[in-house]
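Reader: I would like to go through this entry step by step, with the reasoning behind each value spelled out. Could we begin once the sequence and the structure are in view?

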Amino acid sequence: MLRILGLALCSLLTCTQAEPGALLRLGMDIMNQVQSAMDESHILEKMAAEAGKKQPGMKTIKGITNLKVKGVQLPVITLNFVPGVGIFQCVSTGMTITGKSFMGGNMEIIVTLNITATNRLLWDEETGLPVFKSEGCEVILVNVKTNLPSNMLPKVVNKFLDSTLHKVLPGLMCPAIDAVLGYVNRKWTNLSDPMPVGQMGTVKYVLTSTPATTASYIQVDFSPVVQQENGKTIKVAGPGETFAFPEGYAKVSSQLLLSATLLSSELALLQKSFHVNIQNTMIGELPPQTTKTLAGFLPEMAVAYPKSKPLMTQIRINKPPKITMKTGKSLLYLHGTLEMFVARRRGKTTTSLFLLEVHFNLKVQYSVHENRLQMTASLDRLLSLSRKSSSIGSFNEKQLTGFITDYLEEAYIPVVNDVLQVGLPLPDFLAMNYNLAELDIVENALMLDLKLK
Ligand SMILES: *[C@@H]1O[C@H](CO)[C@@H](O)[C@H](O)[C@H]1NC(C)=O
Ligand SMILES: *[C@@H]1O[C@H](CO)[C@@H](O)[C@H](O)[C@H]1NC(C)=O
C-alpha cells in the first residue's frame, strides 16, 4: 500500500524525471577557458575596430571628433559561480581613445575599466542545450588619464569624461560580453548530437534538466539515449543503480561520471558483434582444436570419432552484456551458448557435438583514446557451464571446465577485445579534450577526472 502511494506521489512529483545516466561537473578550471575564448575570438580588438566606424545608433562623445579606439589591453577575466544563477564575469581591460578635442588638437584618453555581467545559465528549450545569457552588463571606470592641457580644471575634465564615457562605453563594450558568450555557447552545439558506437547504433547525451550552479561547480545531468541503427531505443532492464560523485575532489576541478547502466546499454548495441564462429585449428597456446584433443577431456569422443577431425566453435551471446562497477573493479558479464561442431570438408554439413550454455565474466580496464572511452577485457571467471544438447551421449560438462576456460581466454577474449575497440563516445562540449583524463572506477560508475594539462 505504502509502495503504491509512494509511486503515485512519485508520478505527481519529480520522480518521473528520467534517471540520469551520466553526470558532468564543470569546475572553474574549465570555465576559465572562457578566457581563451576571449583571446581566440579577438573580440575586444574587433569591438575596438568597430568603434572607429560610424554606426547607426552609436552615441558619439560630445566635443570629440574623429574618435578612434586603439591599444586595447589583453583582458583579464575573473569568473565566480553564482549559486542558482550561473557565472559572474568581470573583464578588466584598458584602452586608449583618441580624437580631436573641442579645444582643437589631438587628445588621448587612457582608460582602464571593468566590464561586469552575470551570465545566467539556462536550458534552451528549442535545442535542448545549455546556454549562457548575459544580464546587467555594466562598465566601471577604474582609471582615466588624459593628455588634456593642465590648465583645464581636473574637476571639469572628470565630469566631462565621466558622463560621456559612461554613456558611450557600455554600448561599445557590452556587446563584447555577448559575443564571447555566443562563442562559448557555440561550443555546446554538438553536445546532444547522436554519436556512433561502431556501426551498430548511437548514443546521444540528452540533458535531464537545467544545469545547476553551486558555489564551486556547474552540474549537468544527462539521460543518454542509446539507439540501435534502426532507431530502436535500448532500455536496460531493472532500476538504474544509484551513483554519485565521490567526495574529496579539488573544488576547481571537473569530472564526468558515466553510470555502469549507460555502459551496459552501449554494449547492448554490440551484442551481435560478440557472435563468432571460430574454425582455426591452431589458436595461441591452445592444443590443436581437434576431436582428438577433446577426447582427452571427454572419452566419449574417442569412440565416436576414432579419426581426428578439426573442430569448429560457435559462440552466441543471447542476453545483453552487463557491466558492473565496484570501487576499483569493473566486470563485464556475458551469457550465451558455446556450440562445438566437427568441421567437414567443403560442401558437407557440419555436425554439432554439443551445445553448452555458458555464463562468464571479464575484468574490464578503461582508458581514453582519441576522445573515446576504450575498454580492454580479460577473463575473470567462468561462472557456469551447462549442457543443453549433445550428439555424443550424456556427459558431465564439469569435465570441460578447464578446456572451455582456456578456450574463452585464448580464442574468444581476443574477439571481444576487437569488438570493444570501437570505443564509446564521450559528451562533446566546450571542445573538451578527454585524453588527459584520469579514470577511476567508483560505485556503479566510471569517473573521469578531467585534466586540462
Ligand atoms: C576591477 O576588477 C578587478 C579584477 O576583478 C578588481 O580587482 C577591481 O577591484 C575592480 N575595480 C573596480 C573599481 O571595480
Ligand atoms: C559540430 O559538428 C560539426 C559537424 O561534424 C563540426 O563541423 C563542428 O566543428 C562541430 N562544432 C563544435 C563546436 O565542435
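Author: Before turning to the first helix, one term is needed: a residue is called buried when its relative accessible area is under 20%, exposed when that area is over 50%, and partly exposed in between. The model discussed here is a predicted one.

Reader: Which residues are buried in helix α6?

Author: Helix α6, which spans residues 260–269, is mostly covered, since nine of its 10 residues fall under the 20% limit for burial. Named one by one, the buried residues of α6 are A260, L262, L263, S264, S265, E266, L267, A268 and L269.

Reader: What percentage of the residues in the protein chain is buried?

Author: The protein chain is built with nine helices and 21 strands, and about 23,000 Å² of it is exposed, with carbon and sulfur atoms supplying 54% of that area. Taken over the 453 residues of the protein chain, the buried share is 46%.

Reader: For contacts in the protein chain with a separation of 6 or more, what share comes from residues 24 or more positions apart?

Author: A contact here means heavy atoms within 4.5 Å. Among the contacts in the protein chain with a separation of 6 or more, the share that joins residues 24 or more positions apart is 68%.

Reader: Which residues surround ligand 1, and which of the elements give two or more residues to its shell?

Author: The residues that surround ligand 1 are T78, C90, S92, N114, I140 and V142, and by class this shell has three nonpolar, three polar and no charged residues. The protein covers 44% of the 370 Å² of accessible area that ligand 1 has on its own. One member of the shell, C90, is itself buried because its relative accessible area is 13%. The elements that give two or more residues to the shell are β4 (86–100) and β6 (129–146).

Reader: How many Å separate an oxygen atom of ligand 1 from an N or O atom in the side chain of N114?

Author: Two polar approaches to ligand 1 can be described, and in one of them a polar side-chain atom of S92 lies 3.3 Å from an oxygen atom of the ligand. In the other, an N or O atom in the side chain of N114 is separated from an oxygen atom of ligand 1 by 2.3 Å.

Reader: Which cysteines form a disulfide, and why does the pair tie together parts that are apart in sequence?

Author: The count comes to one disulfide, with its sulfur atoms 1.9 Å apart and -80° about the S-S bond, which makes the link left-handed. One of its cysteines lies in strand β6 and the other in helix α5 (residues 154–186), so the pair ties together parts that are 37 residues apart in sequence. At 24% relative accessibility the cysteine in β6 counts as partly exposed, whereas the one in α5, at 11%, counts as buried. The two are, in that order, C137 and C174.

Reader: Is S254 buried or exposed?

Author: S254 is found in strand β12 (residues 254–259), and a polar atom of its side chain lies 2.8 Å from the backbone nitrogen of G27. Leaving aside neighbours within four places in sequence, S254 is in contact with R25, L26, G27, D29, I30, L448, D449 and L450. Because its relative accessible area is 0%, S254 is buried.

Reader: Which residues are in contact with T291, leaving aside its neighbours within four places in sequence?

Author: T291 is found in helix α7 (residues 291–295), and at 2% relative accessibility T291 counts as buried. With those sequence neighbours left aside, the residues in contact with T291 are M301, Y305, K307, S308, K309, L311 and V342.

Reader: What distance separates the C-alpha atoms of E397 and F297?

Author: E397 is found in the loop between β18 (372–390) and α9 (401–420), and at 15% relative accessibility E397 counts as buried. Beyond its neighbours within four places in sequence, E397 is in contact with L356, L385, S386 and R387. Although E397 and F297 are 100 residues apart along the chain, their C-alpha atoms are separated by 9.7 Å.

Key
Residues are numbered from 1 along each chain as its sequence is written. Chains are lettered from A and ligands numbered from 1 in the order in which they are written. This is a predicted model: local features need pLDDT of at least 70, side-chain atom pairs count only at pLDDT 80 or more; totals for chains, interfaces and linings use all residues. Side-chain values use heavy atoms; hydrogens and water are left out. A residue is near a molecule or strand if one of its heavy atoms lies within 4 Å of it. A polar contact is a pair of N or O atoms within 3.5 Å; within protein, one must be able to donate a hydrogen and the other to accept it, and residues adjacent in sequence count only if both atoms are side-chain atoms. Accessible areas come from the Shrake-Rupley method with a 1.4 Å probe; for residues, only the protein chains shown count as cover. Helices (H or I, at least four residues) and strands (E, at least two) are DSSP runs, numbered from the N terminus. Ala, Val, Leu, Ile, Met, Phe, Trp, Tyr, Cys and Pro count as nonpolar, Asp, Glu, Lys and Arg as charged, and the others, Gly among them, as polar. Buried means under 20% relative accessible area, exposed over 50%, partly exposed in between (1.4 Å probe, protein chains only). A disulfide is a pair of cysteine sulfur atoms within 2.5 Å.
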